[in-house]
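Welcome! Please open your viewer, load the model and get ready to select a few things along the way.

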Amino acid sequence: MDFLHALSLDRAATVLIVLVLGGYGRLYGAFVGAIAYMALSHFLSKVYPTAWQLGLGLLLMVIALFARNGIIGLWDQLVSRWPGKRAAP
């Protein structure tokens, strides 16, 4: 593997997509984002092989607009709305 290939624009864009999907500023955001990116790219490339990046870009726009903290932020919102645990009176 070339050293210059590791510093390419494609690699840098992938890292940014992973961080935005998972949740930037979060401890496990990069791990969750990497899993989501790999699963989505695999699934979308099987469904529509010529334009799978378009689907990934649309999902990235939706996450950036409506889920400010990525997938982990969505998870936190769902858990906070869950009626199971409440403070004792």
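Here is a short tour, from the whole chain down to single side chains.

**Stop 1: the whole chain**

Before you select anything, keep in mind that this is a predicted model. Switch to a cartoon view and follow the chain from the N terminus: the elements run α-α-α-α-α. That makes 5 helices and 0 strands.

Now turn on a surface. The accessible surface of the protein comes to about 7,200 Å², and carbon and sulfur atoms hold 70% of that area. How much of the protein counts as buried? Of its 89 residues, the share is 20%.

You can also look at how parts of the chain touch one another. Take the contacts between residues at least 6 apart in sequence: 47% of these join residues at least 24 apart.

**Stop 2: a nonpolar patch**

Next, select V15, L16, L19 and Y24 and show their surface. Together these residues make a nonpolar surface patch of about 380 Å².

Zoom in on L16, which you will find in helix α2, residues 9-22. Is L16 buried or exposed? Its relative accessibility is 56%, so L16 counts as exposed, because the cut-off for that word is over 50%.

**Stop 3: a salt bridge**

Side chains of opposite charge can pair when their charged atoms come close. To see a case here, select R26 and D76 and show their side chains as sticks. The two meet in a salt bridge, with 2.4 Å from N to O. R26 sits in the loop between α2 and α3, while D76 belongs to helix α5 (residues 70-81), so this pair ties together parts that are 50 residues apart in sequence.

How many salt bridges does the count give? The total is 1.

While both residues are selected, check how far they are covered. R26 has 30% relative accessibility and counts as partly exposed. D76, at 32%, also counts as partly exposed.

**Stop 4: an aromatic pair**

For the last stop, select Y28 and F31. A search of the whole structure finds 1 aromatic pair, and Y28 and F31 form it. Turn the view until you can see both rings: their centres are 6.2 Å apart, with 40° between the planes. This arrangement is called tilted. Show the surface once more here, and you can check that Y28 is exposed and that F31 is exposed too.

Note on methods:
Residues are numbered from 1 along each chain as its sequence is written. This is a predicted model: local features need pLDDT of at least 70, side-chain atom pairs count only at pLDDT 80 or more; totals for chains, interfaces and linings use all residues. Side-chain values use heavy atoms; hydrogens and water are left out. Patches are made of residues with over 30% relative accessible area and no salt bridge: like charges are joined within 9 Å, nonpolar side chains (Val, Leu, Ile, Met, Phe, Trp, Tyr) within 5 Å. Accessible areas come from the Shrake-Rupley method with a 1.4 Å probe; for residues, only the protein chains shown count as cover. A salt bridge is a side-chain nitrogen of Lys or Arg within 4 Å of a carboxyl oxygen of Asp or Glu. Helices (H or I, at least four residues) and strands (E, at least two) are DSSP runs, numbered from the N terminus. Buried means under 20% relative accessible area, exposed over 50%, partly exposed in between (1.4 Å probe, protein chains only). Contact means heavy atoms within 4.5 Å. Rings of Phe, Tyr and Trp (its six-membered ring) pair if their centres lie within 6.5 Å; planes under 30 degrees apart count as stacked, over 60 as edge-to-face and the rest as tilted.
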